[in-house]
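I opened this notebook to record what I looked up in the structure, entry by entry. The entries follow the order in which I went through them.

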Amino acid sequence: MKVTWNEWKLGERIIFCASICAAISLLMPWVDIGLATSNGFSQGTFLLFALFLYPLLKLLSQTPFSFYPALGMSLTA
C-alpha cells in the first residue's frame, strides 16, 4: 500500500521530518575545536538515532504504535 504525504496526520509528518533531521545531523560536525572535528558517527550519536527507528518503521509499514515503547522512545529522544 502506497502512503503519500497528504494522507499523513500532523504527528506522522513530525515523526518523519524528525527522523530525516536526525539522520542528516549524523553527517554534520558535532565537535569543532580548531584542529579536530568529528561528526555524529564518531561521537556515537548513531545510538540516539536508534530511538527514531521504531516510530519511523511503524509509520512506513502502516502498523499501529504500541503506546509504552513509543512513549519511552519519544521521551528519551
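I began with C17, which I located in helix α1, the helix that covers residues 10–25. The model I am reading is a predicted one. C17 is partly exposed, since its relative accessible area comes to 36%. When I compared sequence with space, I found C17 and L56 to be 39 residues apart along the chain, while their C-alpha atoms are 9.8 Å apart.

Next I asked how many disulfides the whole structure holds. The search returned zero. For C17 the closest cysteine sulfur is that of C21, and the 6.6 Å between the two sulfurs is too far for a bond, because a disulfide needs the pair within 2.5 Å. Looking from the other side, I found that the closest cysteine sulfur to C21 is the one in C17, again at 6.6 Å and too far for a bond. C21 itself is exposed, with a relative accessible area of 52%.

I then turned to S19 and asked whether this residue is buried or exposed. S19, which is also placed in helix α1, turned out to be buried, its relative accessible area being 2%. Leaving aside residues up to four places away in sequence, I noted that S19 touches F49, F52 and L56.

For the overall layout I wrote down three helices and two strands, and their order from the N terminus is α-β-β-α-α. Of the 77 residues in the protein, 18% are buried. The protein exposes about 5800 Å², and I noted that carbon and sulfur atoms supply 71% of that area. Among the contacts with a separation of 6 or more, those between residues 24 or more positions apart account for 38%.

On the surface I looked up a nonpolar patch, which is formed by F67, Y68, L71 and L75 and has about 510 Å² of accessible area when these residues are taken together. L71, one of its members, lies in helix α3, which runs over residues 67–76. I recorded L71 as partly exposed, at 35% relative accessibility.

My next entry concerns the backbone, and I asked what is notable about the phi of Q62. Its phi is positive, at about 60°, although Q62 is not a glycine. I kept this because most residues other than glycine have a negative phi. Q62 is found in the loop between α2, which covers 46–61, and α3, and at 35% relative accessibility Q62 counts as partly exposed.

Last, I went through the aromatic rings and found five aromatic pairs in the structure. In one of them, the rings of Y54 and F65 have their centres 6.4 Å apart and their planes at 75°, so I entered the pair as edge-to-face. Y54 lies in helix α2 and F65 in the loop between α2 and α3, so this pair ties together parts that are eleven residues apart in sequence. Y54 counts as buried, at 18% relative accessibility, because the cut-off for buried is under 20%, whereas F65, at 33%, counts as partly exposed. I also noted that ring pairs link W5, W8 and F16 into a cluster.

Notes
Residues are numbered from 1 along each chain as its sequence is written. This is a predicted model: local features need pLDDT of at least 70, side-chain atom pairs count only at pLDDT 80 or more; totals for chains, interfaces and linings use all residues. Side-chain values use heavy atoms; hydrogens and water are left out. Buried means under 20% relative accessible area, exposed over 50%, partly exposed in between (1.4 Å probe, protein chains only). Patches are made of residues with over 30% relative accessible area and no salt bridge: like charges are joined within 9 Å, nonpolar side chains (Val, Leu, Ile, Met, Phe, Trp, Tyr) within 5 Å. Accessible areas come from the Shrake-Rupley method with a 1.4 Å probe; for residues, only the protein chains shown count as cover. A salt bridge is a side-chain nitrogen of Lys or Arg within 4 Å of a carboxyl oxygen of Asp or Glu. Helices (H or I, at least four residues) and strands (E, at least two) are DSSP runs, numbered from the N terminus. Contact means heavy atoms within 4.5 Å. Rings of Phe, Tyr and Trp (its six-membered ring) pair if their centres lie within 6.5 Å; planes under 30 degrees apart count as stacked, over 60 as edge-to-face and the rest as tilted.
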